[in-house]
Amino acid sequence: MEFVSIDVTDGVAVLRLDRPKMNAISVQVQADLREAAAELTERDDVRSVVIWGGERVFAAGNDVKEMADLTYSDMVKVSASVSSATTAIARIPKPVVAAVNGYALGGGCELALAADLRFAAEDAVLGQPEVLLGIIPGAGGTQRLARLVGTSRAKDIIFTGRFVKADEALRIGMVDRVVPADKVLEESVAYAAQFSGAAALAVRAAKECIDRGSEVDLDTGLEIERQQFAGVFATEDRTRGITSFVENGPGKATFVGR
C-alpha cells in the first residue's frame with residue numbers, strides 16, 4: 001500500500017492516510033483502502049480500527065485533478081472504484097472509529113461517514129461541497145449522511161455544499177464526540193481499545209444486524225437479528241459469558257474471540 005499504513009497495538013489497528021499534502025483520495029488511495037479493509041477484516045489480532053489522517057487533515061476530498069478530464073463514459077467505468085473503497089471500510093466487521101483532525105471534505109467526509117463512530121477535533125470541519133464543482137457526492141455521501149442526520153439536514157448540507165464545524169456536527173449527530181485537537185487520536189484509540197477483550201463474534205453480529213437492518217424493512221431486520229442471535233449461541237464466548245454471569249455476576253467474563 002502506497003498511501004495507507006496499518007499499525008496494530010493491543011488489538012487496535014490505526015489505519016493511517018498519508019498522501020501529502022491534504023490526503024486527497026486518488027485512485028491509488030482507493031485501491032489502498034480496499035486492500036487495507038481486506039487485511040483488517042482477516043487479521044485475528046485486530047479487534048477494532050481507528051482511521052486517522054494525521055494531525056493536520058483527515059482527508060480533503062477526492063483527487064479533483066484526476067477527475068478533471070473524465071467524461072461520462074469514463075466515469076461509468078471508474079465510479080464503482082470511488083464508492084467501493086468507502087464501502088469496503090464500512091463492511092469491516094469490527095468497530096471502526098474515524099479520528100478527524102482538520103478537514104474531512106467530499107470523499108474525506110464520506111470516508112468518515114463509513115466508520116461506525118466519528119471523533120472530531122474542536123476545530124475540525126466536515127462537508128460535502130461537491131455541488132460547488134457541479135457534481136454530487138459519489139462515495140456514499142447522499143446515502144450515509146441522510147441516514148445519519150436525517151434527509152432534511154443532509155439535503156441542506158449537500159445542496160449548499162457548506163462547511164459544517166465540529167460543534168454543529170456534534171449537535172446534529174454527524175460526529176459523536178468533540179475533543180481537543182491534540183487528543184483526537186488518543187481518545188479514539190482509547191475508545192477502540194475497549195473491544196480488544198470483547199466477545200468479537202458478538203460485536204460482529206451486532207454490527208451486521210444494525211448495518212443490514214437499516215437497509216431493509218423492520219420485519220426483515222428482525223429476522224436478520226433473530227438469525228444472528230441464534231448464531232452466537234454456537235460460540236465459545238457465549239458459553240464463557242453466560243457461565244461467568246451465573247457464577248460470578250455481570251461484567252467479569254473473559255473472552256477469546258471464538
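# Working through a predicted fold

Strand β3 is mostly covered, with 5 of its 5 residues buried. Keep in mind that this is a predicted model. Grab the structure and let's work through it.

**Exercise 1. Find out which residues of β3 point which way, and whether they are buried or exposed.**

Step 1: Start with the background. In a regular strand the side chains alternate between the two faces of the sheet.

Step 2: Now look at the strand itself. Ser48, Val50 and Trp52 point one way from β3, while Val49 and Ile51 point the other way.

Step 3: Check the burial. Every one of these residues is buried, in line with the count of 5 out of 5 for β3.

**Exercise 2. Work out how β3 is joined to β2, and place both in their sheet.**

Step 1: A quick reminder first. Strands of a sheet pair through backbone hydrogen bonds, either parallel or antiparallel.

Step 2: Strand β2 (residues 12-17) and strand β3 (residues 48-52) run parallel, and 5 bridges join them.

Step 3: Pick out some partners. Val12 has Ser48 of β3 as its bridge partner, and Ala13 has Val49.

Step 4: Zoom out to the sheet. It is an open one of 6 strands with mixed pairing, in the order β1-β2-β3-β4-β6-β9. At its edges are β1 (4-9) and β9 (177-179), each pairing on one side only. On average, neighbouring strands of this sheet are turned by 20 degrees against each other, direction ignored.

**Exercise 3. Describe the other sheet, the one with β5, β7 and β8, and say why its edge strands have a free side.**

Step 1: The order is β5-β7-β8; these 3 strands form an open sheet, and the pairing is mixed.

Step 2: β5 (103-105) and β8 (163-165) stand at the edges with a single partner strand each, so one side of each has no neighbour in the sheet.

Step 3: From one strand to the next, the twist averages 20 degrees.

Step 4: Look at one pair up close. Strand β7 (residues 125-127) runs antiparallel to β8, and 3 bridges join the two. Within this pair, Val125 stands opposite Lys165 in β8.

**Exercise 4. Two residues have a positive phi without being glycine: Asp10 and Asn23. Locate each one and decide whether it is buried or exposed.**

Step 1: Take Asp10. Its phi is near 50 degrees, and it sits in the loop between β1 and β2.

Step 2: Asp10 has 67% relative accessibility, so it counts as exposed; the cut-off for that is over 50%.

Step 3: Now Asn23. Its phi is near 55 degrees, and its place is the loop between β2 and α1.

Step 4: Asn23 has 5% relative accessibility and therefore counts as buried, the cut-off being under 20%.

Step 5: While you're in that loop, find Lys21, which lies between β2 and α1 (27-42). The peptide bond from Pro20 to Lys21 is cis, with omega near 0 degrees.

**Exercise 5. Characterise the packing of helices α9 and α10.**

Step 1: What do you need? Two packed helices are described by the angle between their axes and the distance between the axes.

Step 2: For α9 (residues 200-213) and α10 (residues 218-231), the angle is about 170 degrees and the axes are 9 Å apart.

Step 3: That makes the two helices roughly antiparallel, because angles over 145 degrees fall in that class.

Step 4: List the contact residues. Helix α9 brings Ala205, Glu208, Cys209, Arg212 and Gly213, and α10 brings Gly221, Ile224, Glu225 and Gln228. They split into 3 nonpolar, 3 polar and 3 charged.

**Exercise 6. Place Ser244 and list what it touches.**

Step 1: Ser244 is part of helix α11 (residues 236-248).

Step 2: With 10% relative accessibility, Ser244 counts as buried.

Step 3: Leaving out residues up to four places away in sequence, Ser244 touches Gly249, Lys252 and Ala253.

**Exercise 7. Step back and sum up the whole chain: how many helices and strands does it have, and how compact is it?**

Step 1: The protein chain has 11 helices and 9 strands.

Step 2: Its radius of gyration is 19 Å, close to the 18 Å that the globule rule gives for 258 residues, so the chain is as compact as a globular protein of that length.

Step 3: Along the principal axes, the C-alpha atoms fill a box of roughly 65 × 40 × 35 Å.

Step 4: Of the 258 residues, 42% count as buried. Among contacts with a separation of 6 or more, 69% are between residues 24 or more positions apart.

Conventions:
Residues are numbered from 1 along each chain as its sequence is written. This is a predicted model: local features need pLDDT of at least 70, side-chain atom pairs count only at pLDDT 80 or more; totals for chains, interfaces and linings use all residues. Side-chain values use heavy atoms; hydrogens and water are left out. Axes are lines fitted to C-alpha atoms, for helices over the stretch in contact, and angles run from 0 to 180 degrees between N-to-C directions. Helices (H or I, at least four residues) and strands (E, at least two) are DSSP runs, numbered from the N terminus. Angles under 35 degrees count as roughly parallel, over 145 as roughly antiparallel, 65 to 115 as roughly perpendicular and the rest as oblique. Contact means heavy atoms within 4.5 Å. Ala, Val, Leu, Ile, Met, Phe, Trp, Tyr, Cys and Pro count as nonpolar, Asp, Glu, Lys and Arg as charged, and the others, Gly among them, as polar. Two strands pair if DSSP finds at least two bridges between them. The radius of gyration is taken over C-alpha atoms; the globule rule is 2.2 Å times the number of residues to the power 0.38. Buried means under 20% relative accessible area, exposed over 50%, partly exposed in between (1.4 Å probe, protein chains only).
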